[in-house]
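The following note is offered to a colleague who wishes to read this model with care. It proceeds in numbered points, from the chains as a whole to single residues.

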Amino acid sequence: MRCLSEGELRAFIDVQGDDQAAAEAHLAACPACRAAADELRGNAELAAAAVAALRPARLPAAAETEAARGRLGAALLPSPAGRQQEQNRPPAAAARSRRRSSSSTSPRSPR
Amino acid sequence: MVWVDERAERLSGPARKFDDLFLRLYPRLHELCHRVVGDGFEAEDVVQEAFLRLAGAPVLDRPEEEVGAWLRRVCLNLSYNRLRWERRARARLERAGRLEPGDGADPGDGPLGSVLRLEEQVAVRRALWALPERQRSCLLLRHSGYSYAEIAETCQLAVGSVGVLLARAERAFRDAYQPQDDEGAGT
């Protein structure tokens, strides 16, 4: 097997390579690739430890997740009920709100 | 739990899917954003905003892996935007002399262990910030436990390109992070 590219070596280290066995056999026979893999492994370990320091104490619990879902609100759901409500809005109210927004913000207003 | 079941009964297909996705994906998205922004409340805000965008987006009809990748991408971008905004605001305050130059972390008078942890977190975030965005995301995702396939979908890369991007990201991270490390060791 030819020498491994940097990307292939990095994937091998994470056991995400296309052919782990072939890569392993090549590394056993190739000191240059072994040295390159050692450097990548060192960098990966440093990054792993650093990102681990950012880990929050714990994942949100189920109750916290449901509370967050509640805070997001039901009105925003793409549910037919919500759409129906919008359609059933009295036309007068819709027209009023349109007028209000156009009179206060329209750049074409003469004054 | 009863609450969820009652809701599920009166929700239509897409709405139920949305709820379902929220309950399953929220915890890990929250954790990911927390790593970036360093605050639980702000992380919740970011994830909520991502789900708000999902509610009206066509991607909601796609398979779950795609929706998950889309949400991760939006969450990371929103988190980066907040940090960018925060850094600019802090720089303005520093220029106006209303804030001591520094990292903005307030260790308060907690125990020494948590002060050191905060300092380490500040150093890690600073080094991560020095990386190009895609490398930063790739490194963060990998070391938050995501697979190469998940990283590829999130960062919109071929799976075969994840290794090389990650190798570059980790080398750049080492170069940005180590100098501070040496300084600390020297004092």
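1. Chain A in outline. Of the 111 residues of chain A, 23% count as buried. The structure under review is a predicted model, and every remark below should be read in that light. Chain A contains 6 helices and 0 strands, and its elements follow the pattern α-α-α-α-α-α along the sequence. Among the contacts in chain A with a separation of 6 or more, 52% are made by residues 24 or more positions apart.

2. Chain B in outline. Chain B has 8 helices and 0 strands, arranged from the N terminus as α-α-α-α-α-α-α-α. Buried residues make up 33% of its 187 residues. For contacts in chain B with a separation of 6 or more, residues 24 or more positions apart account for 58%.

3. The contact between the chains. How many residues of each chain take part? On the chain B side there are 41 residues, in contact with 31 residues of chain A. Five helices of chain B each supply at least two residues to the side that touches chain A: α2 (13-37), α3 (40-55), α5 (112-129), α6 (133-142) and α8 (162-186). The largest share of that side, 12 residues, comes from α2(B). By residue class, the side of chain B that touches chain A divides into 21 nonpolar, 11 polar and 9 charged residues.

4. The domains of chain B. The domain assignment of chain B gives domain 1 (1-102) and domain 2 (108-187). Between them, 12 residues of domain 1 are in contact with 9 residues of domain 2. The elements of chain B that give two or more residues to the domain 1 side of this contact are α2 and α4 (64-95). Helix α4(B) provides the largest share of that side, with 7 residues. The residues on the domain 1 side divide into 5 nonpolar, 1 polar and 6 charged.

5. The largest nonpolar core. This core holds 57 residues, of which B:C33, B:V47, B:A50, B:C75 and B:C138 touch the most other members. Its largest share, 10 residues, comes from α2(B). Where does the core lie with respect to the two domains of chain B? Domain 1 (1-102) and domain 2 (108-187) of chain B both give residues to the core, so it lies between them. As general background, nonpolar side chains in soluble globular proteins tend to be buried together. For a closer look at one member of the core, B:A50 may be selected in the viewer: leaving aside residues up to four places away in sequence, B:A50 touches B:L71, B:V74, B:C75 and B:L78.

6. Helix α1 of chain A. Helix α1(A), residues 6-13, is mostly covered, with 6 of its 8 residues buried. The buried residues are A:E8, A:L9, A:R10, A:A11, A:F12 and A:I13. The list includes both A:E8 and A:R10, which the reader may wish to inspect individually. After α1(A) comes A:V15, a residue with a positive phi near 55°.

7. Two residues with positive phi. Most residues other than glycine have a negative phi. A:V15 is not a glycine, yet its phi is positive, about 55°. A:V15 is found in the loop between α1 and α2 (20-29) of chain A. Is A:V15 buried or exposed? A:V15 counts as exposed because it has 7 C-beta neighbours inside 10 Å, and the cut-off for that class is 12 or fewer. In chain B, B:Q156 likewise has a positive phi of about 55° although it is not a glycine. B:Q156 lies in the loop between α7 (148-155) and α8 of chain B. With 9 other C-beta atoms within 10 Å, B:Q156 is exposed.

8. The position of B:F41. B:F41 is placed in helix α3 of chain B. Which class of burial does B:F41 fall into? B:F41 counts as exposed, because 9 C-beta neighbours lie inside 10 Å. B:F41 and B:E170 are 129 residues apart in sequence, and their C-alpha atoms are 29 Å apart in space.

How values were computed. Residues numbered from 1 in each chain as written. Chains lettered and ligands numbered in written order. Predicted model: local features only at pLDDT ≥ 70, side-chain atom pairs only at ≥ 80, totals over all residues. Buried ≥ 20, exposed ≤ 12 C-beta atoms within 10 Å, placed from the backbone. Helix = DSSP H or I, 4+ residues; strand = E, 2+ residues; numbered from the N terminus. Contact = placed C-beta atoms within 7 Å. Nonpolar A, V, L, I, M, F, W, Y, C, P; charged D, E, K, R; others polar. Core = buried A, V, L, I, M, F, W, Y, C linked by C-beta atoms within 7 Å. Domains from an automatic or database assignment.
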